[in-house]
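This report describes the fold, the nonpolar core and the surface of one protein chain, in that order.

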Amino acid sequence: MKALFNLFWQICLLRQSPAAVPANGPFVATVVLANLLCSILVSSGFGSEVNLLTTATSIIVSQTTTAGLVWIALSWAEKADRFVTTITAIFGCDLIITAVFSLLLPLTGTLGSVVGSALLLMFLVWSVAVAGFILHRALETGFGTGVAMALGFSLMSVILGQVGFGA
């Protein structure tokens, strides 16, 4: 377990290739489910009026959109065999980043809304950079291209997740 956490942490620090991520079914399912649960818990920490069903549905649509866009990109680049490790790396790193953010979330109330917004922005930038790094490695493209794709994928995922369910 510690080795897997360390693997995802090293990817989050842009030091390890996503190709090293295990690709077996139960592991992938565990990572996706853990990411979903962590995202729901953190989202519910943003306010008391959070509807858990709407939040969960929005996150599932967002994750599905991300997975679909990654699959399309990898298929287009004729690297579809990298899908499982790529999507597991993206969701596993998102899990780590979300968990770290959740540890700092209580500080945002005591530090004020400006600091909280800056902290959120910092984590969003980190998340896109990590996803871009993963895409850059998986697609064998430039880092800038990977980041641009990650930003586009993130925007599409959030838009579809929120617009479709009014989150």
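A residue is called buried when its relative accessible area is under 20%, and by that criterion 37% of the 167 residues of the protein are buried. The model is a predicted one.

The protein contains 6 helices and 0 strands, so that the order of elements from the N terminus reads α-α-α-α-α-α. With 167 residues, a compact globule would be expected to have a radius of gyration near 15 Å, and the 16 Å of the protein agrees with this. The C-alpha trace spans about 45 × 30 × 30 Å along its principal axes. Among contacts with a separation of 6 or more, 62% join residues that are 24 or more positions apart.

The largest nonpolar core has 35 residues, and Phe 8, Ile 11, Val 21, Val 70, Cys 93, Ile 134 and Leu 135 are those with the most contacts inside it. Each of the helices tabulated here supplies at least two residues of this core.

| Helix | Residues |
|---|---|
| H1 | 2–12 |
| H2 | 25–44 |
| H3 | 52–76 |
| H4 | 83–111 |
| H5 | 113–139 |
| H6 | 143–163 |

Ile 11 may serve as an example: once its neighbours within four places in sequence are left aside, Ile 11 is in contact with Gln 16, Ser 17, Pro 18, Val 21, Ala 89, Cys 93, Val 130, Phe 133 and Ile 134.

Turning to the surface, the protein exposes about 9,100 Å², of which carbon and sulfur atoms supply 71%. There are 5 positive and 5 negative side chains, and the centres of these two sets lie 14 Å apart.

Conventions: Residues numbered from 1 in each chain as written. Predicted model: local features only at pLDDT ≥ 70, side-chain atom pairs only at ≥ 80, totals over all residues. Heavy atoms only, no water. Core = buried A, V, L, I, M, F, W, Y, C linked by side-chain atoms within 4.5 Å. Buried < 20%, exposed > 50% of the residue type's maximum accessible area, 1.4 Å probe, protein only. Helix = DSSP H or I, 4+ residues; strand = E, 2+ residues; numbered from the N terminus. Contact = heavy atoms within 4.5 Å. Rg over C-alpha atoms; globule rule 2.2 N^0.38 Å. Areas by Shrake-Rupley, 256 points an atom, 1.4 Å probe, with all protein chains shown as cover. Lys, Arg positive; Asp, Glu negative; His and termini not counted. Charge placed at Lys NZ, Arg CZ, Asp CG, Glu CD.
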